[in-house]
Amino acid sequence: MIDGGEAIRKLALNVARYTGLAPLAKPFVGGIGAILMLHRVTATPEKPDGVNRHLNIAPGFLDAVIADMKADGYAFVSLEEAIERIKAGGKGGQFATITADDAYRDNMTEALPVLEKHGAPITIYVAPGLIDGAADLWWDVVEDIVNARDRLTLATPDGPVTIDCSTRGKKLQANNRLHTWLTLEVREEDLRAALHEFARMNGIRLDGQQPSTLMNWDEIRTMAAHPLVTIGAHTINHVNLKRLSEADARHEIGDVRRILQARLGEEPRHLAYPYGYASAVGCREVGFARDAGYVSAVTTRHGVLRAEHSGFLLALPRISVNGRYQSVAHIRTMLSGVTTPLANAGKMVVTI
Ligand SMILES: [Zn+2]
């Protein structure tokens with residue numbers, strides 16, 4: 001989840017789109033294919049105006065994107081097939097593969113019917129800790145806490161600080177403050193305990209149940225048996241790997257394969273690094289993914305695929321299909337490849 005470079009991508013998108021650059025540039029920067037990234041797909045989000053709304057798209061939009069890409073000549077293939085096509089330098093024509101992080105239930109109830117209609121495969125990256133309720137969708141929990149109160153108290157090393165959440169604007173600031181606190185100030189290993197203590201201090205009970213927005217194991221098993229679905233790994237506890245010790249990061253990347261095998265009967269071959277941005281995954285983590293035996297791994301860096309990615313199968317960029325700007329024109333612009341160097345300091349081959 002959570003996309004670090006959204007603002008810059010949006011700027012790049014608009015520059016490319018409104019200058020008419022995208023269609024002209026496609027033959028030069030278009031790449032060989034793309035990995036699309038989804039999170040939630042629902043027509044009835046619980047918090048349609050919430051701070052995490054970028055994580056949701058409507059199923060009708062997914063349908064429109066796939067139809068438009070097919071009309072433009074994209075073949076929708078499995079991730080396994082996409083990897084083969086990257087290795088072959090893109091021979092076989094333009095391709096796309098769809099991925100979804102975190103295993104939201106709406107992937108099954110609302111996205112799957114659209115995918116079946118188009119025969120489009122999907123890879124769903126599962127973090128067992130989220131499914132078991134041992135780890136939190138903390139960005140969702142933070143949003144709920146901020147929405148529930150007009151003011152919050154945060155314990156800091158310098159004493160308690162009051163956070164104003166009385167207006168929509170203040171709530172947005174409060175969310176940002178708490179994101180900074182949890183992702184930069186609290187140790188990664190302590191994130192859950194800190195969040196729960198923060199909720200308790202503010203009179204809010206978190207029950208530690210598995211969130212109702214995620215699939216349970218029976219549902220994931222049903223999905224795993226579907227011919228269009230591949231299950232990938234998303235670490236055990238949805239952690240920022242870069243903030244962990246080597247031993248802990250290797251455990252999260254390596255042992256999730258065994259947990260998913262025990263739950264689903266098959267060892268996952270593909271990984272999505274949680275968060276996937278520069279401060280969550282670097283060369284060290286790519287090495288751990290290699291050592292753990294993954295065939296591919298994806299980040300949340302923005303970019304189309306190029307033939308050169310055959311040498312970087314464990315650091316593949318994606319195109320986020322983002323809920324804040326659900327427009328087929330935006331997706332087309334991103335697929336043109338023109339936003340890839342614009343969002344990556346001129347880089348054409350985006351890895352880590
Ligand atoms: Zn995630």
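Is Asn175 buried or exposed, and what is its relative accessible area? The legends below work through a predicted model, and that residue gets its answer in the view of helix α8.

**Figure 1. The whole chain, before zooming in.** This predicted model has 14 helices and twelve strands. Its C-alpha trace spans about 60 × 50 × 35 Å along the principal axes. For 352 residues, a compact globule would come out with a radius of gyration near 20 Å, and the chain agrees because its own value is 20 Å. Buried residues account for 55% of the 352. Take the contacts with a separation of 6 or more: 73% of them link residues 24 or more positions apart. On the outside, the accessible surface is about 14,300 Å², and carbon and sulfur atoms own 54% of that. As for charge, there are 39 positive and 40 negative ones, and their mean positions sit 4 Å apart.

**Figure 2. Asn175 on helix α8.** Back to the opening question: Asn175 is buried, at a relative accessible area of 3%. Asn175 belongs to helix α8, which covers residues 168–185. Which residues does Asn175 touch, once those up to four places away in sequence are set aside? They are Val51, Val142, Glu143 and Val146. Among these partners, Val142, Glu143 and Val146 are buried residues of α7, so this view leads straight into the next one.

**Figure 3. Helix α7, wrapped up by its surroundings.** Helix α7 runs over residues 138–148, and eight of its eleven residues are buried, so the rest of the structure largely encloses it. The buried set starts with Trp138, Trp139 and Asp140, carries on through Val141, Val142 and Glu143, and ends with Ile145 and Val146. What do these buried residues pack against? Their packing partners are β7, α8 and α9, the last of these being residues 191–201. As background for reading the side chains here, an α-helix has 3.6 residues a turn, so residues three or four places apart point the same way.

**Figure 4. The β7–β8 hairpin.** Strand β7 (residues 151–156) and strand β8 (residues 159–164) run antiparallel and are joined by six bridges. How many residues does the hairpin use to get from β7 to β8? It takes two. To get your bearings on the ladder, start from Arg151, whose bridge partner in β8 is Asp164. β7 also turns up in the previous view, as one of the elements that the buried residues of α7 pack against.

**Figure 5. A parallel pair, β6 and β9.** Strand β6 (residues 122–126) runs parallel to β9, and five bridges hold the two together. One handy landmark is Thr123, which stands opposite Thr230 in β9. Strand β9 itself takes in residues 229–233 and is mostly covered, with four of its five residues buried. When you look at this pair, remember that in a regular strand the side chains alternate between the two faces of the sheet.

**Figure 6. The loop between β10 and α12, with Ala280 and Tyr275.** Ala280 sits in the loop that connects β10 (270–272) to α12 (283–292). Ala280 is buried, with a relative accessible area of 0%. Skipping neighbours within four places in sequence, the contacts of Ala280 are Asn240, Leu241, Lys242, Pro274, Tyr275 and Glu285. Thr299 is 19 residues away from Ala280 in sequence, and their C-alpha atoms are 9.3 Å apart. Tyr275 lies in the loop between β10 and α12 too. Tyr275 is buried at 3% relative accessibility, and its phi is near 70°, a positive value in a residue other than glycine.

**Figure 7. Asp102, a positive phi after β5.** What is the phi of Asp102? It is positive, at about 85°, although Asp102 is not a glycine. The residue is found in the loop between β5 (95–101) and α5 (106–118). Asp102 counts as buried because its relative accessibility is 0%, and the cut-off for that label is under 20%.

**Figure 8. Leu55, a buried loop residue.** Leu55 lies in the loop between β2 (40–41) and β3 (56–57). With 7% relative accessibility, Leu55 counts as buried. For a sense of scale, Leu55 and Gly293 are 238 residues apart in sequence and 29 Å apart in space, C-alpha to C-alpha.

How values were computed. Residues numbered from 1 in each chain as written. Predicted model: local features only at pLDDT ≥ 70, side-chain atom pairs only at ≥ 80, totals over all residues. Heavy atoms only, no water. Rg over C-alpha atoms; globule rule 2.2 N^0.38 Å. Buried < 20%, exposed > 50% of the residue type's maximum accessible area, 1.4 Å probe, protein only. Contact = heavy atoms within 4.5 Å. Areas by Shrake-Rupley, 256 points an atom, 1.4 Å probe, with all protein chains shown as cover. Lys, Arg positive; Asp, Glu negative; His and termini not counted. Charge placed at Lys NZ, Arg CZ, Asp CG, Glu CD. Pairing = 2+ DSSP bridges.
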